[in-house]
Amino acid sequence: MYDLSYAWEAHLMTNGKKQPNPWRVLIASSHPLFAQGLLSLLQKRQKAEVEVVGLVSTVDEALSALQSLNPDLVVVDYDDDKVNRDDFLKRFVTGGSRLRVVLLSLKEGGDEAIVYDRRTLAASRIDEWLKKWTDSQEYETVSDFNNDNKKRGEVDLERSNKMKHVIGAILFVIGIAAGGIFALERINLLPDQASVQAQYIDELFNIHFLAIVVLFALIVGLMVFSILVFRRKPGDKTDGPHVEGSSNLEAIWTIVPLIAVLVIAFVGADVLGAVERPEPRPLEVRVVSSQWNWLFEYPDYGIISPELVLPIDQQALLLLTSTDVIHSFWVPEFRVKQDALPGGEDMVRPLRITPTQIGNYKVLCAEL
Ligand SMILES: [Cu+2]
């Protein structure tokens with residue numbers, strides 16, 4: 001014999017929360033044992049707060065009872081030929097009020113109750129319901145028994161919603177990236193470009209800033225988009241969906257940064273080579289730094305000066321030392337920078353600059 005209590009338990013579980021008013025139950029079966037079994041089961045479960053409002057044994061009786069008694073729940077004997085379950089389902093599909101239909105089979109091996117749940121949702125809750133519906137085994141069973149068109153329609157709706165979100169997110173990210181690039185091209189972040197080396201450095205700088213703008217748009221854009229679009233609906237206390245890993249995503253976020261780092265390393269090494277490339281017969285300048293001044297010595301000319309004077313379009317080779325602490329020679333317009341270390345001849349550091357523009361620039365100590 002089929003264990004009724006199991007099916008009933010299963011049904012109560014699908015109810016989730018308790019009703020404030022007792023459930024109004026209509027039992028539809030022409031077999032007296034079916035109704036009796038169910039009734040005794042319900043009497044045992046006082047806490048279930050259900051009230052059997054009618055017992056019907058034919059379709060006609062049942063349909064008029066649906067109107068006059070207005071039940072919340074109809075328990076239909078699945079195996080009863082006199083009670084046509086298709087009529088119930090038709091009724092269930094076309095009706096508008098809140099209603100559940102449980103199809104209960106007492107046959108051997110029938111250990112499932114099929115629950116049809118009709119409810120009215122506020123438009124704002126439909127998204128959430130769709131999500132639950134696709135996550136839940138219970139609702140899948142329901143949709144299998146409903147007509148296929150309805151299921152397909154809901155899946156299509158969900159798919160188009162997903163598509164809308166994906167397209168929205170992509171447009172949002174592209175918008176932020178485009179705005180960032182537009183701003184970047186108009187705002188001059190760098191001082192004058194006054195050396196050959198500065199051209200290479202600026203190229204590298206632009207590549208990095210482009211990558212930063214795209215990453216910013218991707219990370220902050222998706223975050224802001226999610227905050228705006230997927231924000232909690234009023235009264236919603238449920239958790240988000242549980243997501244358990246994604247091999248594709250993991251592969252992407254491993255491989256893409258790996259490639260990015262390799263590309264940046266390659267471009268960086270290339271620029272470093274270009275910046276340090278020696279030219280024949282550079283102008284040699286020995287630079288002595290100390291607290292708090294620079295001294296520039298021109299060995300070819302026998303001149304020592306607190307001012308650095310360089311010709312344009314000729315490479316200058318600066319040989320840097322320090323008399324006290326570590327200083328760092330830096331003219332922002334030339335971009336390049338080099339430490340000046342104390343320790344005499346062994347610690348001399350070279351720096352190559354090829355000025356391209358006449359101007360007055362400040363020599364800074366980047367350690368300060
Ligand atoms: Cu210094």
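I began with the cut-offs for burial: a residue is buried if 20 or more other C-beta atoms lie within 10 Å of its own, exposed if 12 or fewer, and partly exposed in between. I then applied them to P350. It has 13 C-beta neighbours inside 10 Å, so P350 counts as partly exposed. I kept in mind that this is a predicted model.

**Entry 1: around P350**

I placed P350 in strand 12. Next I looked for its contacts, leaving aside neighbours within four places in sequence. I found L317, L318 and L319. P350 and L319 are 31 residues apart in sequence, yet their C-alpha atoms are 4.6 Å apart in space.

Where does strand 12 stand in its sheet, at an edge or in the middle? I traced the strands to find out. The sheet is open, has five strands and runs in the order 8-7-6-9-12. Its pairing is mixed. Strand 8 (303-305) and strand 12 (349-353) stand at the edges. Each has a single partner strand, so one side of each is left without a neighbour in the sheet. I noted the twist too: it averages 25° from one strand to the next.

I checked the other edge as well. Strand 7 (residues 293-298) pairs with strand 8 in the antiparallel sense, over three bridges. Opposite I304 in strand 8 I found E297.

**Entry 2: strand 4**

I turned to strand 4 (residues 99-104). How many of its six residues are buried? I counted six of six, so by the 20-neighbour cut-off the strand is mostly covered. In a regular strand the side chains alternate between the two faces of the sheet. I followed the directions here. L99, V101 and L103 point one way from strand 4, and R100, V102 and L104 point the other way. All are buried, on both sides.

I then looked up the partners. Strand 3 (residues 73-77) pairs with strand 4 in the parallel sense, over five bridges. D77 has L104 as its bridge partner. Strand 5 (residues 113-118) pairs with strand 4 in the antiparallel sense, over six bridges. There, L99 has R118 as its bridge partner.

**Entry 3: nonpolar cores**

Nonpolar side chains tend to be buried together in soluble globular proteins. I looked for such groups. The largest nonpolar core has 24 residues. Those with the most contacts inside it are A28, V74, V75, V76, V101, V102 and L103. Which elements give two or more residues to this core? I listed strand 1 (23-28), helix 2 (32-44), helix 3 (59-69), strand 3, strand 4 and strand 5.

I took V74 as a sample. Not counting residues up to four places away in sequence, V74 touches L26, A28, F88 and V101. I also found a second, separate core of 15 residues. It includes A194, V275, V285 and F334.

**Entry 4: helices 8 and 9**

I compared spans with expectation. Helix 8 (residues 196-229) has 34 residues and reaches 49 Å from its first C-alpha to its last. That is close to the 50 Å expected at 1.5 Å a residue. Helix 9 (residues 247-275) has 29 residues and reaches 42 Å, close to the 42 Å expected.

I checked burial in both. In helix 8 the buried residues are Q197, A198, I201, A217 and G221. Helix 9 is hardly covered: I counted one buried residue among its 29.

**Entry 5: K132**

I found K132 in helix 5 (residues 126-135). It has 14 C-beta neighbours inside 10 Å, so K132 counts as partly exposed. I also looked up its separation from P241. The two are 109 residues apart in sequence and 8.6 Å apart in space, C-alpha to C-alpha.

**Entry 6: whole chain and confidence**

I tallied nine helices and 13 strands in the chain. Buried residues make up 17% of the 368 residues. Among contacts between residues at least 6 apart in sequence, 72% join residues at least 24 apart.

I closed with confidence. The chain has a mean pLDDT of 81, and 83% of its residues reach 70 or more. Where is confidence lowest, and where highest? It is lowest in helix 6 (residues 137-145), at a mean of 45, and highest in strand 9 (residues 316-322), at 95. Over residues 13-19 the pLDDT is below 50, and I counted four contacts there beyond near neighbours in sequence. Over residues 138-147 the pLDDT is also below 50, with eleven such contacts.

How values were computed
Residues are numbered from 1 along each chain as its sequence is written. This is a predicted model: local features need pLDDT of at least 70, side-chain atom pairs count only at pLDDT 80 or more; totals for chains, interfaces and linings use all residues. Two strands pair if DSSP finds at least two bridges between them. Helices (H or I, at least four residues) and strands (E, at least two) are DSSP runs, numbered from the N terminus. Axes are lines fitted to C-alpha atoms, for helices over the stretch in contact, and angles run from 0 to 180 degrees between N-to-C directions. Two residues are in contact if their C-beta atoms, placed from the backbone, lie within 7 Å. The expected span of a helix is 1.5 Å times one less than its number of residues. pLDDT is the predictor's confidence in each residue, from 0 to 100. A nonpolar core is a set of buried Ala, Val, Leu, Ile, Met, Phe, Trp, Tyr and Cys residues joined through C-beta atoms within 7 Å.
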